[in-house]
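Take a look at the model below before reading on. The paragraphs that follow go through it piece by piece.

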Amino acid sequence: MIIRQEIELGETRLILRYLGKNKWQVEEDCEMKLPIVGSKIVIKKGFKTDLASIPRIAYSLFPRSVKYNLAGTIHDYLYDSGKFKRKMCDKIFREILKLSGVKKRRYDKMYWAVRIFGGRFYKK
């Protein structure tokens, strides 16, 4: 069984394929203009992500939602690439959650969760 997800936000289109064990792969290059940094981000086909991952114990605070997947994928890519400082990556994550229709209280909590706990995943 192939599980695919297509996410569109404005001109941005992200297509993901589920690989199993909470891993997803970008199926086509994905571009998103980011006014917060004055440029666009390009995630190449084949990039692997675990989306907006959280420890299982936190599922009651942050239940999984497709609304988080674009932000989670771009955040994973930015952490992996080291193109921006960690704090900027986290701000971009928050901005994309906001653009995706996530409520302020939720995206602020998610932002602070990555600020507090995400450092070990950032590649310098």
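Which side chain makes a polar contact with the side chain of Asn69? The partner is Gln5, and the contact spans 2.7 Å. Keep in mind that this is a predicted model.

Asn69 belongs to helix α1, which covers residues 69-81. Is this residue buried or exposed? Its relative accessibility is 7%. The cut-off for buried is under 20%, so Asn69 counts as buried. Leaving aside residues up to four places away in sequence, Asn69 touches Gln5, Ile7, Leu14 and Leu51.

Now step back to the helix as a whole. Helix α1 lies across four strands: β1, β2, β3 and β6. Relative to β2, α1 runs at about 80 degrees.

Those strands deserve a closer look. They form an open sheet of 4 strands, in the order β1-β2-β3-β6, and the pairing is antiparallel. Strands β1 (4-9) and β6 are the edges, each pairing on one side only.

Follow the sheet from β2 onwards. Strand β2 (residues 12-20) and strand β3 (residues 23-26) run antiparallel and are joined by 4 bridges. Leu16 has Val26 in β3 as its bridge partner. Arg17 stands opposite Gln25 in β3. The two strands make a hairpin with 2 residues between them. There, Lys21 takes a positive phi near 50 degrees.

On to the edge. Strand β3 is joined to β6 (residues 48-49) by 2 bridges, again in antiparallel fashion. Gln25 appears here too, standing opposite Lys48 in β6.

The last stop is helix α3, residues 104-117. How far apart are its end C-alpha atoms? They are 20 Å apart. At 1.5 Å a residue, its 14 residues should span 20 Å, so the two values agree.

Which residues of α3 are buried? They are Tyr107, Met110, Tyr111 and Val114. These residues cover an arc of only 100 degrees around the axis, so they sit on the same side of α3. The spacing of an α-helix fits this kind of pattern: with 3.6 residues a turn, residues three or four places apart point the same way. The other side of α3 carries exposed residues: Arg105, Ile116 and Phe117.

What covers the buried residues of α3? The cover includes α1 and α2 (86-99). That brings us back to α1, the helix that holds Asn69 and lies across the strands β1, β2, β3 and β6.

Key. Residues numbered from 1 in each chain as written. Predicted model: local features only at pLDDT ≥ 70, side-chain atom pairs only at ≥ 80, totals over all residues. Heavy atoms only, no water. Buried < 20%, exposed > 50% of the residue type's maximum accessible area, 1.4 Å probe, protein only. Polar contact = N/O pair within 3.5 Å; in protein donor to acceptor, adjacent residues only side chain to side chain. Contact = heavy atoms within 4.5 Å. Expected span 1.5 Å × (residues − 1). Arc of directions from axis to C-beta. Pairing = 2+ DSSP bridges. Axes fitted to C-alpha atoms, helices over the stretch in contact; angles between N-to-C directions.
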